[in-house]
Amino acid sequence: MTAPVIYHFIRNATARLHYNGQVLLLDPMLSDKGTLPSFAGVAPNPTADLPLPAAEVVDGIDAAIVSHLHGDHFDSVAADLLDKDLPVVTPTNTSPVETSNPDVVQSFKEGLMAKGFTDVREIEAEPGGALEIGGITLRQVFALHGKGKLIPFMGGVNGIIFEAAGQPTIYWAGDTILDDGGEVAAVLTECKPDIIIAHTGGPVIEGLSPDLLLMDAAEARRFFDLAFDANPNVQIVAIHMDALDHCFSTRTDLETAVADMPAAHRARVHIPADGDRLTLA
């Protein structure tokens with residue numbers, strides 16, 4: 001019997017994904033509420049409590065997948081709690097060592113190894129690159145963390161495709177805007193994913209730029225329409241909201257943005273609360 005696909009949402013972009021018999025920890029940010037610096041000058045981060053103890057979040061996982069090394073996706077608490085010999089998977093990409101200086105960069109792998117992890121595995125860069133773990137093939141695809149002058153400061157980022165025999169295809173879109181060049185749309189057309197994990201919090205850091213760092217509710221609605229064009233039966237999980245002081249697009253905003261979708265599509269858009277567990281297949 002095929003193992004069910006369960007997405008146990010924790011907070012922000014952190015989740016436990018049960019897929020192909022593996023338990024994968026995605027983008028662990030495990031700090032207590034208010035213990036990290038503000039991004040927008042509104043409040044300390046995170047702005048929401050963890051729905052369960054951090055030790056339970058990391059318990060029993062087979063591997064961690066870290067999309068990139070910004071503090072809202074991998075923090076010092078996660079680095080301390082995770083076994084240093086745990087397989088940690090990350091895209092082949094780079095980002096500034098310090099966000100204030102975009103000229104000095106390191107690979108995600110180098111950053112994770114610097115935190116003491118001994119089994120860091122890179123998804124080979126496209127075209128044609130992939131990594132297999134636990135019978136799951138992972139591919140990195142296009143993503144764009146903002147636009148214009150934001151890009152050097154944000155560094156690289158990728159979407160990740162999950163595929164396994166007899167399992168639905170998952171597209172974790174990651175920290176991306178809906179780019180003007182149509183490359184995110186092309187991923188949808190090419191992969192026709194069965195499940196999408198979308199980041200839709202609409203963060204802005206006014207000190208850098210008024211531009212979005214990733215999709216807000218309005219961009220997410222356009223992204224969802226493209227997703228249903230590619231696969232009318234896709235299930236979409238929208239996260240990265242209501243947990244950080246620079247994410248100004250809320251769950252309520254997204255619910256409003258999708259309220260006039262066809263009922264069959266709206267029923268396939270999931271906006272989980274922290275701690276929710278979704279059985280997707």
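Let me start with Lys192, which at 43% relative accessibility counts as partly exposed, because that value falls between the 20% below which a residue is called buried and the 50% above which a residue is called exposed. This is a predicted model, so please hear everything I say as a description of a prediction. Lys192 lies in the loop between helix H5 and strand E13, the strand that covers residues 195-199, and although Lys192 is not a glycine, its phi is positive, at about 45°.

There is another residue with a positive phi to set beside that one, namely Asn12, which is not a glycine either and has a phi of about 60°. Asn12 is found in the loop that runs between strand E1 (6-11) and strand E2 (14-19). Is Asn12 buried or exposed? With a relative accessible area of 0%, Asn12 is buried, because buried means under 20%.

While we are on the backbone, please look at Asn45 and Pro46, which are joined by a cis peptide bond with an omega of about -15°. Pro46 has its place in the loop between strand E3 (22-26) and helix H1 (54-58).

Now to the pockets, beginning with the largest, in which about 650 Å³ of space lies. Its lining is made up of 29 residues, and those that lie nearest its centre are Phe39, Leu69, His70, Gly71 and Thr99. Two elements, strand E6 (94-98) and helix H4, give two or more residues to that lining, and E6 gives the most, with four residues. If you sort the lining of this largest pocket by character, you find 14 nonpolar residues, ten polar and five charged.

The second largest pocket holds about 170 Å³ of space, and the residues that line it include Arg139, Gln140, Val141, Asn158 and Glu190. Here the elements that give two or more residues are strand E10 (136-141) and helix H5 (183-191), and of these H5 gives the most, with four residues. This lining divides into four nonpolar, two polar and four charged residues.

Asn158, which I have just named in that lining, deserves a slower look. Asn158 is found in the loop between helix H4 (150-154) and strand E11 (159-163), and with a relative accessible area of 8% Asn158 is buried, since this value is under the 20% limit. Which side chain does the side chain of Asn158 meet in a polar contact? The partner is the side chain of Asn93, at 2.7 Å, while the backbone oxygen of Val141 is reached by the side chain of Asn158 at 3.4 Å. If we leave aside its neighbours within four places in sequence, Asn158 is in contact with several residues, among them Pro91, Thr92, Gln140, Ala143, Ala173 and Gly174.

Finally, a word on the sheet. Strands of a sheet pair through backbone hydrogen bonds, and they may do so in a parallel or an antiparallel sense. In this model, an open sheet of seven strands runs in the order E9-E10-E11-E12-E13-E14-E15, and its pairing is mixed. Strand E9 (131-133) and strand E15 (269-270) are the edge strands, each pairing on one side only. E9 and E10 pair in the antiparallel sense over three bridges, and if you want a place to find that region on the screen, look for Ile133, which stands opposite Ile136 in E10.

Key: Residues numbered from 1 in each chain as written. Predicted model: local features only at pLDDT ≥ 70, side-chain atom pairs only at ≥ 80, totals over all residues. Heavy atoms only, no water. Buried < 20%, exposed > 50% of the residue type's maximum accessible area, 1.4 Å probe, protein only. Polar contact = N/O pair within 3.5 Å; in protein donor to acceptor, adjacent residues only side chain to side chain. Contact = heavy atoms within 4.5 Å. 1 Å grid on protein atoms, 1.4 Å probe; cavity = no way out; pocket = protein on both sides within 12 Å on 5 of 7 lines; lining within 4 Å. Points joined across faces, edges and corners; volume = space filled by probe spheres on them. Nonpolar A, V, L, I, M, F, W, Y, C, P; charged D, E, K, R; others polar. Pairing = 2+ DSSP bridges.
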